[in-house]
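I opened the model to see how its interior is packed. These are my notes, in the order I looked things up.

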Amino acid sequence: MEYKDMLHQELIFLNISASDRTDLFHQIAIELKNKGYVKDTYEKALNKREDEFPTGIVFPLINVMLPHADPENVNEAFLAIVKVTHPVSVLQMGYNTEEQADAMFFLGITDSSQQVGLLQEFTDLLQDEDFVKKFKQTNNPAEMYKLVANRI
């Protein structure tokens with residue numbers, strides 16, 4: 001499967017107001033479940049995985065989180081793009097230090113062998129100054145879909 005096939009415009013949420021990470025995960029899990037992408041176990045598994053292996057990443061121009069749950073909690077592979085109205089406190093991958101994330105890329109992985117490649121794809125993308133500038137300015141789901149689809 002190509003990563004572009006995981007991207008769906010209905011999974012682009014550009015104005016989410018969340019009080020904290022748990023609230024954010026709850027809101028996104030409901031959307032994903034209602035659209036059939038994840039199982040009932042997804043939200044709990046997502047929080048558990050993030051507690052054990054934080055996915056916050058600090059890049060020079062943007063702080064993000066790449067949350068994901070184990071494949072058995074996912075019905076259909078997806079990539080959900082989320083921008084929050086106010087930064088959410090998360091822990092940085094590998095360091096467990098607190099950071100404020102502005103954007104999240106929820107990775108719905110059905111084959112664990114895809115995980116490393118997809119994480120690398122986003123690491124490369126989020127170091128691209130031109131892409132990050134456009135990403136930050138984009139507030140329309142259709143435009144965001146085109147921006148990301150043209151780059152992954």
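I started with the largest nonpolar core, a set of buried Ala, Val, Leu, Ile, Met, Phe, Trp, Tyr and Cys residues joined through side-chain atoms within 4.5 Å. I took buried as under 20% relative accessible area, exposed as over 50% and partly exposed as in between, with a 1.4 Å probe and protein chains only. This core has 29 residues, and those touching the most other members are Leu79, Ile81, Phe105, Leu107, Phe122, Leu126 and Phe135. At least two residues each come from strand 1, strand 4, strand 5 (98-108), helix 3 (115-125), helix 4 and helix 5. Helices (H or I, at least four residues) and strands (E, at least two) are DSSP runs, numbered from the N terminus. Apart from this core lies another, of 26 residues, including Leu11, Ala18, Val90 and Met104.

I noted the basis of the values before going on. The model is predicted, and local features need pLDDT of at least 70, side-chain atom pairs count only at pLDDT 80 or more, while totals for chains, interfaces and linings use all residues. Residues are numbered from 1 along each chain as its sequence is written, and side-chain values use heavy atoms, with hydrogens and water left out.

Next I listed the contacts of Leu107, contact meaning heavy atoms within 4.5 Å. Leaving aside neighbours within four places in sequence, Leu107 touches Leu66, Pro67, His68, Ala69, Phe78, Leu79, Leu118, Leu119 and Phe122.

I then traced the sheet. It is open, with five strands in the order 1-4-5-3-2 and mixed pairing; two strands pair if DSSP finds at least two bridges between them. Strand 1 (7-16) and strand 2 (56-58) are at the edges with a single partner strand each, so one side of each has no neighbour in the sheet. Neighbouring strands are turned by 25 degrees against each other on average, direction ignored.

I went through the pairings one by one. Strand 1 runs parallel to strand 4 (residues 78-91), joined by four bridges, and Leu7 has Leu79 as its bridge partner. Strand 4 and strand 5 run antiparallel with 10 bridges. Strand 3 (residues 63-65) is parallel to strand 5, with two bridges. Ala103 in strand 5 stands opposite Lys83 and also opposite Val64. Eight of the 11 residues of strand 5 are buried, so strand 5 is largely enclosed by the rest of the structure.

I checked the hairpin of strand 4 and strand 5. Six residues lie between the strands, and Gly94 takes a positive phi near 85 degrees. Asn96, in the loop between these strands, has a positive phi of about 60 degrees although it is not a glycine. Asn96 is partly exposed, with a relative accessible area of 48%.

I turned to helix 5 (residues 141-149), which lies across strand 1 and strand 4 and runs at about 120 degrees to strand 1. Axes are lines fitted to C-alpha atoms, for helices over the stretch in contact, and angles run from 0 to 180 degrees between N-to-C directions. Met144, Leu147, Val148 and Ala149 of helix 5 are buried, and their cover includes strand 1, strand 4 and helix 4 (129-137). At the N-terminal end of helix 5, Asn140 acts as a cap, with a side-chain oxygen 2.8 Å from the backbone nitrogen of Ala142.

Last, I took the whole chain. Buried residues make up 48% of its 152 residues.

Key: Polar contact = N/O pair within 3.5 Å; in protein donor to acceptor, adjacent residues only side chain to side chain.
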